[in-house]
Amino acid sequence: MREFLKRLGVVGAAVLFATAAACGGGEDAEEVDGGDGEEAAPAVHPDSAATISGVVNFEGTPPAAEPIDMSEEPACAEKYSEPPTREAVVANDGRLANVYVYVKEGLPDREWPTASESVTLDQDGCHYIPHVTAIQVGQPLDIVNSDGILHNINTQPTVNRGFNISQPVEMTTTRDFSAAEVMIPVKCDVHGWMEAYIGVQEHPYAVVSGDDGSFTIENLPAGTYTVEAWHELYGTQTTTVTVAAQETGEATFTYSADMAGRPVPLGEPIDLHDHGDTRVASAH
């Protein structure tokens, strides 16, 4: 009987939890901490969620891809059927890839659930994949060495404390970031052509444009937002989008070849040896 009552109490608590979640006040769902290994409640109730989608256009002729000499790294060179190149500008059919797009202003002043699933930054073929990464504050970043040769991952943030780690074999190292930052450059001290960028936000509303230039930011509260696009060579652009519940707002950005050389927002890297600095990139 005692065991039956114990089980009944657990079921009753679960029912009360579900009822409270379904009947929460306002359009936005409250953040619920699911505990270790459990997903938090959605940041916005599905019935009131909005979407922003769009494309990043590219006008003009993109710069010729810069070839990479990997002759001294045959383990990487053999992974390519064509000579490898740098990834600074990836433009296809008038669309621009690898553009970091995020909600810069307009979100409610609240805490946002942190995604529990990790984001992967892989080193494969002596390239960082993906070239541009979107991640939340506190979200795990799994840095993977798929090449099985020595790589050195050197981050150069301005707000967060950077890290400089070596991976001599196939392995995974996990880190996270403690503060929002646009953007964090990443390089490999062993292979000078290896470059990547990481954008960190407290909220989940940041994405990277695909090969076709498209992007979608989902599960937003209804509202009016300033959306910013960031590209490592062509700089930033902003647009304003108003979107209602269960609707999709459109955002379009257009870059052009003659924008090359514009100022790109990146701060001065902090000194990793400055032990008085309190900025932290956490290790797991």
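This report walks through two sheets, one strand, the nonpolar cores and a cavity of a predicted model.

## A sheet of four strands

Let us begin with an open sheet of 4 strands, whose order is β14-β4-β16-β17 and whose pairing is antiparallel. At its edges are β14, covering residues 206-208, and β17, covering 235-243; each of these pairs on one side only. Going from strand to neighbouring strand, the average turn is 25°, with direction ignored.

If you would like one pair to look at in this sheet, try β16 and β17. Strand β16 spans residues 223-231, and 9 bridges link it to β17 in the antiparallel sense. Within that pair, E228 sits opposite T238 of β17.

## A sheet of five strands

Another open sheet has 5 strands, in the order β7-β13-β12-β9-β10, and here the pairing is mixed. Strands β7 (132-136) and β10 (164-167) are at the edges with a single partner strand each, so one side of each has no neighbour in the sheet. The twist from one strand to the next averages 25°.

Inside this sheet, β12 (residues 181-188) and β13 (residues 195-201) form an antiparallel pair with 5 bridges. You can find K187 facing its opposite residue, E195 of β13.

## A closer look at strand β9

Strand β9 runs over residues 151-155 and is mostly covered, with 5 of its 5 residues buried. How are its two faces covered? On one side H151, I153 and T155 are buried, and on the other side N152 and N154 are buried too.

The strand has partners in the sheet as well. With β10 it makes 4 bridges in the antiparallel sense, and H151 has Q167 as its bridge partner in β10. With β12 there are 3 bridges, again antiparallel, and here T155 stands opposite V186 of β12.

## The nonpolar cores

A helpful background idea is that in soluble globular proteins, nonpolar side chains tend to be buried together. In this model, the largest nonpolar core holds 28 residues, and I52, V101 and Y255 have the most contacts inside it. Which elements give two or more residues to this core? They are β1 (50-59), β4 (100-105), β15 (214-220), β16, β17 and β18 (248-256). Of these, β1 gives the most, with 4 residues.

There is also a second, separate core of 24 residues, which includes I68, C76, V186 and I198. You have already met V186: this is the residue of β12 that stands opposite T155.

## A cavity inside the model

Rolling a probe the size of a water molecule over the atoms shows where empty space is left. How many cavities of 30 Å³ or more does the structure hold? There is 1 of them. The largest cavity contains about 60 Å³ of space.

Which residues line the largest cavity? They are R86, E87, A88, H127, H131, W193, M194 and E195. By type, this lining divides into 3 nonpolar, 2 polar and 3 charged residues. One of the lining residues, E195, may look familiar, as it is the β13 residue opposite K187.

Note on methods. Residues are numbered from 1 along each chain as its sequence is written. This is a predicted model: local features need pLDDT of at least 70, side-chain atom pairs count only at pLDDT 80 or more; totals for chains, interfaces and linings use all residues. Side-chain values use heavy atoms; hydrogens and water are left out. Two strands pair if DSSP finds at least two bridges between them. Axes are lines fitted to C-alpha atoms, for helices over the stretch in contact, and angles run from 0 to 180 degrees between N-to-C directions. On a 1 Å grid over the protein atoms alone, a cavity is a set of points where a 1.4 Å probe fits but cannot get out, and a pocket is an open set with protein on both sides within 12 Å along at least five of seven lines; lining residues have an atom within 4 Å of a point. Grid points are joined across faces, edges and corners, and a volume is the space filled by probe spheres set on the points. Ala, Val, Leu, Ile, Met, Phe, Trp, Tyr, Cys and Pro count as nonpolar, Asp, Glu, Lys and Arg as charged, and the others, Gly among them, as polar. A nonpolar core is a set of buried Ala, Val, Leu, Ile, Met, Phe, Trp, Tyr and Cys residues joined through side-chain atoms within 4.5 Å. Buried means under 20% relative accessible area, exposed over 50%, partly exposed in between (1.4 Å probe, protein chains only).
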